[in-house]
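Work through these exercises with the model open beside you. Try each task before you read its solution.

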Amino acid sequence: MFADEADKLMTALSELHGLVDARNKIAHGHCSRHRSKTNGIVMVDGFVLSPAFNRGEWIERSTDMSLDDFEINEFTKSVRKIRGVVMDVHHRLALRLQESGKSILMND
């Protein structure tokens, strides 16, 4: 593997690590309709993904820890971008291995 490919993979993994918090909120969250007003003005109205509830006891949840559809879509775009980098490096590696006559499965 060339140094630039290794750097790209390390950067991609670092970016993916930065998405861990959002991923956990999405994977373990609770989707519900939320509407709140402040001084008669609707501040939030729609579906939000909030942190999961604790099985043992009720825990008050705050909407500042919630994700809306825009944030979830941005998370998805970020993961797809990172996936693309990894797939590009994998493709280049596969081509080099093919050209050398070796299997990508490394069983040869």
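## Exercise 1: A glutamate in helix 1

Glu5 is buried, with a relative accessible area of 2%. The model is a predicted one.

**Task.** Show why Glu5 counts as buried, then find its place and the residues it touches.

**Solution.**
1. Take the cut-off: buried means under 20% relative accessible area.
2. Compare the value. Glu5 has 2%, so Glu5 is buried.
3. Find the element. Glu5 sits in helix 1.
4. List the contacts. Leaving out residues up to four places away in sequence, Glu5 touches Val89, Arg92 and Arg96.

## Exercise 2: The partners of Glu5

**Task.** Decide which salt bridges Glu5 forms with Arg92 and Arg96, and say what parts of the chain they link.

**Solution.**
1. Recall the principle. Side chains of opposite charge can pair when their charged atoms come close.
2. Set the limit. A salt bridge needs a side-chain nitrogen of Lys or Arg within 4 Å of a carboxyl oxygen of Asp or Glu.
3. Test Arg92. Its closest N and O atoms with Glu5 are 3.0 Å apart, and the two form a salt bridge.
4. Place this pair. Arg92 is in helix 3 (residues 69–100) and Glu5 is in helix 1, 87 residues apart.
5. Test Arg96. Here the closest N and O atoms are 2.8 Å apart, and Arg96 also forms a salt bridge with Glu5.
6. Place the second pair. Arg96 lies in helix 3 and Glu5 in helix 1, so the pair ties together parts that are 91 residues apart in sequence.
7. Check for a polar contact. One of 2.8 Å joins the side chains of Glu5 and Arg96.
8. Put the pieces together. Glu5, Arg92 and Arg96 are linked in a network of salt bridges.

**Task.** Are the two arginines, Arg92 and Arg96, buried, partly exposed or exposed?

**Solution.**
1. Partly exposed lies between the 20% and 50% limits.
2. Arg92 has 29% relative accessibility, so Arg92 is partly exposed.
3. Arg96 has 25%, so Arg96 is partly exposed too.

## Exercise 3: Another bridge

**Task.** Describe the salt bridge between Glu15 and Lys81.

**Solution.**
1. Read the distance. The closest N and O atoms of Glu15 and Lys81 are 3.8 Å apart.
2. Apply the limit of 4 Å. The pair forms a salt bridge.
3. Locate the ends. Glu15 is in helix 1 and Lys81 in helix 3, 66 residues apart.
4. Grade Glu15. Its relative accessible area is 36%, which is partly exposed.
5. Grade Lys81. Its relative accessible area is 54%, over the 50% limit, so Lys81 is exposed.
6. Note the total. The protein has four salt bridges by this rule.

## Exercise 4: A nonpolar patch

**Task.** Which residues make the nonpolar surface patch, and how exposed is Leu16?

**Solution.**
1. Name the members. Met10, Leu13 and Leu16 make a patch of about 300 Å².
2. Locate Leu16. It is found in helix 1 (residues 3–17).
3. Grade Leu16. With a relative accessible area of 38%, Leu16 is partly exposed.

## Exercise 5: The whole chain

**Task.** Summarise the elements, the burial and the surface of the protein.

**Solution.**
1. Count the elements. There are three helices and two strands.
2. Order them. From the N terminus on, they run α-α-β-β-α.
3. Check burial. Of the 108 residues, 15% are buried.
4. Check the contacts. Among those between residues at least 6 apart in sequence, 37% join residues at least 24 apart.
5. Check the surface. The protein exposes about 8,600 Å², and carbon and sulfur atoms supply 56% of it.

Conventions:
Residues numbered from 1 in each chain as written. Predicted model: local features only at pLDDT ≥ 70, side-chain atom pairs only at ≥ 80, totals over all residues. Heavy atoms only, no water. Patch = residues over 30% accessible without salt bridge, like charges linked within 9 Å, V, L, I, M, F, W, Y side chains within 5 Å. Areas by Shrake-Rupley, 256 points an atom, 1.4 Å probe, with all protein chains shown as cover. Helix = DSSP H or I, 4+ residues; strand = E, 2+ residues; numbered from the N terminus. Buried < 20%, exposed > 50% of the residue type's maximum accessible area, 1.4 Å probe, protein only. Contact = heavy atoms within 4.5 Å. Polar contact = N/O pair within 3.5 Å; in protein donor to acceptor, adjacent residues only side chain to side chain.
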